[in-house]
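Here are my notes on the model you sent over. Have the structure open while you read, and go through the points in any order you like.

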Amino acid sequence: MLSFLLPLILGNALQSVGQLAGSIVLGRWIGVGALAAVANFFPVFFLMNSFVIGVGSGASILIGQAWGARNYERMRAVMGTTLAFVCLLGTGLAIVSNLLVWDLMRLLGTPQTIIADSVSYARIIFSCLPLLFLYFAYTTFIRGTGDSRTPTLFLGVSTGVNLLLLPVLVFGWGPAPRLGMFGAAWATVLGSTASLVAMLVYLRLRQHPLQLDSLVIRHLWIDPRLLGLLLKLGIPSSVNLILVSLSELAVISLVNRYGASATAAYGAVNQVVSYVQFPAVSLGITVSIFGAQAIGAGKLERLRRVLRSGVGLNYLVGGMLVVGVYLFAREILGLFLTDGRTLEIARELLYITLWGYLVFGHAQVFAALMRASGVVLWPTTFGIVAIWGVEVPVAYVLSTYTGLGLRGIWLGYPAAFLANLGMQYLYYRYVWRHKQITRLI
């Protein structure tokens, strides 16, 4: 699991390096307003991505089970249905989101000084959703086979192209136009496109079972039965992620009440936290894939070992990262922010919330193992309750009716993480462990 996990963490880190570099460039050389405009957009983008992340999660489980059983025909059928569906989904979302983005930004209470830039930045990314969805789908296919190194290699390609184009397009070096903050969006899109093309070529040259050949193209349509199974596995995850993203929209609407400096601080901390979350998110993927392959191979005795290893790795790998960020918080945030007041807001937010991501990772491991066995409703329900029953109400009440202000918003995060872990643990210990494994046997 560790040999699978480390490339996966590296891959997730590489995937965010472009965003990190973009935030540094925008925050330090373009201004706090540009960073705040992009920060205001990312919860909306996460909302759009939630649909395909859930479908990809379901596809990786089905591909992991087929791979474990060496059933390549079923694996290709899952690929064909998934690719057709995410392409249609991405096209539909691109059209709808471009039409509604102004209204959505107004609904969030985006400050008038940055709303036009937020909308223009969002439209660039939204227009490319079909391509970005296909890229994400193919990386989940490869990971479903237990290979985390190949996606990491091509995430490196994406990041390299992104970093190469970022200053060129932002500052207008050479013959390139000076696009300012919008250059960061185009660098992200072009990097993902280059990586997708390179990945497909590589798989074809290696004659990999996942290559996009005539055998996959023959299945490149929506099989209603397979789509139903994908949605059964994926929709609860998508719903959970959608509600997470909606909660972020609710939170940023609270943050926006305190002005552009608070929004910029929120954006800077989100960049740092995205790296802190990598062990937790990567462990969720790892545990679900190892669990699915064990189930596909009929080796159910491995499930408890997978769980113990996942929990241990969460506190080992995640703990080292959290301690490092606590020690160097000011220096890390200083990469994004030069304004002293904004930097202090961001540092306080980070101190309040950072430890909670270890708790978040623990809950992710429980949920991932249950999803690998096909139990998706309860982990999703617990996540929804934690977000909308704890995080958002705590953030609203503490920021509005106490003297805590922004601190009250930040406290909603660890409160939700603790509530989710408690519910996941109780369900695993008293229900799933005794009933679901028996049913699988």
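At what angle do helix 5 and helix 6 pack, and how far apart are their axes? That is where I start; keep in mind throughout that this is a predicted model.

1. **Helix 5 against helix 6.** The angle between helix 5 (residues 129–144) and helix 6 (residues 149–171) is about 150 degrees, and their axes are 9 Å apart. Since angles over 145 degrees count as roughly antiparallel, helix 5 is roughly antiparallel to helix 6. On the helix 5 side, the contact is made by Tyr135, Thr139, Ile142 and Arg143. Helix 6 brings in Thr150, Pro151, Phe154, Leu155 and Ser158. By type, the residues of this contact come out as 5 nonpolar, 3 polar and 1 charged.

2. **The nonpolar core.** The largest nonpolar core has 139 residues. Met105, Phe126, Phe141, Leu350 and Trp410 are the residues with the most contacts inside this core. Which helix gives the largest share of the core? Helix 2 (residues 32–69) does, with 17 residues. If you want one side chain to click on, try Phe126. Leaving out residues up to four places away in sequence, Phe126 touches Phe41, Val44, Phe45 and Met48, along with Ala94, Ser97, Asn98 and Val101.

3. **Thr81, a buried threonine.** Thr81 sits in helix 3. Its relative accessibility is 0%, so Thr81 counts as buried. What does Thr81 touch, once residues up to four places away in sequence are set aside? The list is His219, Trp221, Ile222, Asp223, Leu226, Leu227 and Leu230.

4. **Salt bridges, starting inside helix 3.** The structure holds 5 salt bridges. One to look at joins the side chains of Arg106 and Asp103, at 3.5 Å from N to O. Both residues belong to helix 3 (residues 72–107) and lie 3 residues apart, about one turn of the helix. Asp103 has a relative accessible area of 48%, so Asp103 is partly exposed.

5. **Helix 13 to helix 14.** Next, look at Arg330 and Glu344, which form a salt bridge with their closest N and O atoms 3.0 Å apart. Arg330 is in helix 13 (residues 329–333) and Glu344 is in helix 14 (residues 340–353), so this pair ties together parts 14 residues apart in sequence. Both partners are partly exposed: Arg330 has a relative accessible area of 40%, and Glu344 has 30%. There is a third member to pick out as well, as Arg330, Glu344 and Arg347 are linked in a network of salt bridges.

6. **Helix 14 to helix 17.** Glu348 forms a salt bridge with Arg407, and the closest N and O atoms are 2.5 Å apart. Glu348 lies in helix 14 and Arg407 in helix 17 (residues 406–440), so the bridge ties together parts that are 59 residues apart in sequence. Glu348 counts as partly exposed at 29% relative accessibility. Arg407 is partly exposed too, with a relative accessible area of 38%.

7. **Two loop residues.** Gly298 is in the loop between helix 11 (278–296) and helix 12 (302–327). Is Gly298 buried or exposed? At 53% relative accessibility, Gly298 counts as exposed. Gly298 and Gly68 are 230 residues apart along the chain, yet their C-alpha atoms are separated by 8.9 Å. The other loop residue is Gln207, in the loop between helix 7 (181–205) and helix 8 (214–217). Gln207 is not a glycine, but has a positive phi of about 50 degrees. With a relative accessible area of 56%, Gln207 is exposed.

8. **A pair for scale.** Val323 is in helix 12 and counts as partly exposed, at 48% relative accessibility. How far apart in space are Val323 and Asp213? From C-alpha to C-alpha they are 47 Å apart, with their positions 110 residues apart in sequence. Set that beside the 8.9 Å that separates the C-alpha atoms of Gly298 and Gly68.

Notes: Residues are numbered from 1 along each chain as its sequence is written. This is a predicted model: local features need pLDDT of at least 70, side-chain atom pairs count only at pLDDT 80 or more; totals for chains, interfaces and linings use all residues. Side-chain values use heavy atoms; hydrogens and water are left out. Axes are lines fitted to C-alpha atoms, for helices over the stretch in contact, and angles run from 0 to 180 degrees between N-to-C directions. Helices (H or I, at least four residues) and strands (E, at least two) are DSSP runs, numbered from the N terminus. Angles under 35 degrees count as roughly parallel, over 145 as roughly antiparallel, 65 to 115 as roughly perpendicular and the rest as oblique. Contact means heavy atoms within 4.5 Å. Ala, Val, Leu, Ile, Met, Phe, Trp, Tyr, Cys and Pro count as nonpolar, Asp, Glu, Lys and Arg as charged, and the others, Gly among them, as polar. Buried means under 20% relative accessible area, exposed over 50%, partly exposed in between (1.4 Å probe, protein chains only). A salt bridge is a side-chain nitrogen of Lys or Arg within 4 Å of a carboxyl oxygen of Asp or Glu. A nonpolar core is a set of buried Ala, Val, Leu, Ile, Met, Phe, Trp, Tyr and Cys residues joined through side-chain atoms within 4.5 Å.
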